[in-house]
Amino acid sequence: ILRSRLLPQFKSTISFISDIGLTENSNFGLRTKWMSVENIEMRLKRGDLIEISRIFPIGFLPLPYKHWAVFTCFREGNSFAVHYSDTSDDDSHQFPQEQILSIKQPKVREERLKEIIGSSKCRINNSQDWK
C-alpha cells in the first residue's frame with residue numbers, strides 16, 4: 001500500500017528532473033560497484049540514481065533492503081539528494097517498521113547525501129536509463 005502511494009510521486013519527481021535537463025552530462029547507464037558515501041561523491045552527476053544498501057535487523061536474521069535517492073547538486077561544500085522520507089530531523093534513524101507504523105505522511109525531501117546514506121554502502125545505478 002505504501003509503495004503504491006509513493007511510486008507516482010517518485011515518478012513525477014524523476015520526470016521533473018528529466019524535463020529541466022538535469023540528465024545532460026550525466027553518467028547515463030552507469031552502474032558502479034558498492035562504495036562509501038565519500039567515494040561516490042566525486043563521481044556524481046546531477047540526476048544520478050543512488051542505490052543504498054541497508055540492513056534491517058529482525059531478531060537474529062538481518063533483512064537487507066534498498067533505499068533510493070536522486071543526486072541534485074553540490075552546495076556549500078556538501079552533496080545533496082532527494083529521497084522519500086517520513087522522518088523529521090530528530091528521528092531520522094528509525095528502522096523501517098517504525099517508519100511504516102508512524103502516522104507521518106512520506107514526503108520527497110532534499111537532504112545532505114551523508115545524512116541519507118550514513119555508514120551504508122551505496123552505488124550509482126543508472127542501469128535502467130534506456131528503458
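In which sense, parallel or antiparallel, do β1 and β5 pair, and over how many bridges? In this predicted model, the two strands pair in the antiparallel sense, and four bridges connect them. One position of this pairing can be named: Ser53 has Lys121 as its bridge partner in β5.

The other pairing to consider joins β1 to β2. These strands also run antiparallel, with 10 bridges between them. Within this pairing, Arg54 stands opposite Tyr65 of β2. The hairpin that β1 and β2 form has two residues between the strands, and Gly59 adopts a positive phi near 60° there.

Ser53 offers a convenient point from which to view both pairings. This serine belongs to strand β1. Its C-alpha atom is 4.9 Å from that of Lys66, although 13 residues separate the two in sequence. Leaving aside residues up to four places away in sequence, Ser53 touches Trp34, Tyr65, Lys66, Ser120 and Lys121. Is Ser53 buried, partly exposed or exposed? Its relative accessibility is 22%, so Ser53 counts as partly exposed; the range for that class begins where the buried class, under 20%, ends.

The neighbouring topic is the nonpolar interior. The largest nonpolar core contains 14 residues, and those with the most contacts inside it are Ile40, Leu44, Ile50, Ile52, Leu113 and Ile117. At least two residues of this core come from each of α2 (37-41), β1 (49-58), β2 (61-75), α4 (113-117) and β5 (121-124). Which of these elements gives the most to the core? The answer is α4, with three residues.

Ile52 shows how such a core residue is surrounded. With residues up to four places away in sequence not counted, Ile52 touches Trp34, Tyr65, Lys66, His67, Ala69, Ile116, Ile117, Ser120, Lys121 and Cys122. One of these contacts, Cys122, has 0% relative accessibility and therefore counts as buried. Cys73 counts as buried as well, because its relative accessibility of 19% falls under the 20% limit. A search of the whole structure for disulfides finds zero.

Further along the chain, Phe71 lies in strand β2. Its relative accessible area is 1%, so Phe71 is buried. Beyond the four nearest places in sequence on either side, Phe71 touches Leu44, Lys45, Arg46, Gly47, Asp48, Ile50, Ser79, Phe80 and Ala81. Two of these contacts, Leu44 and Ile50, are also among the residues with the most contacts inside the largest core. The C-alpha atoms of Phe71 and Arg112 are separated by 9.8 Å, with their positions 41 residues apart along the chain.

Phe80, a contact of Phe71, leads to an arrangement of charge and ring. The charged end of Arg75 sits over the ring of Phe80, at 4.0 Å from the ring centre. As for pairs formed by aromatic rings, the whole structure yields one.

The path ends at the loop between β2 and β3 (78-85), where Glu76 has its place. What is the backbone angle phi of Glu76? Its phi is near 55°, a positive value in a residue other than glycine. Glu76 is exposed because its relative accessible area is 72%, whereas Phe71 is buried.

Notes: Residues are numbered from 1 along each chain as its sequence is written. This is a predicted model: local features need pLDDT of at least 70, side-chain atom pairs count only at pLDDT 80 or more; totals for chains, interfaces and linings use all residues. Side-chain values use heavy atoms; hydrogens and water are left out. A disulfide is a pair of cysteine sulfur atoms within 2.5 Å. Buried means under 20% relative accessible area, exposed over 50%, partly exposed in between (1.4 Å probe, protein chains only). Rings of Phe, Tyr and Trp (its six-membered ring) pair if their centres lie within 6.5 Å; planes under 30 degrees apart count as stacked, over 60 as edge-to-face and the rest as tilted. A charge sits over a ring if NZ of Lys or CZ of Arg is within 6 Å of the ring centre and within 35 degrees of the ring normal. A nonpolar core is a set of buried Ala, Val, Leu, Ile, Met, Phe, Trp, Tyr and Cys residues joined through side-chain atoms within 4.5 Å. Contact means heavy atoms within 4.5 Å. Two strands pair if DSSP finds at least two bridges between them.
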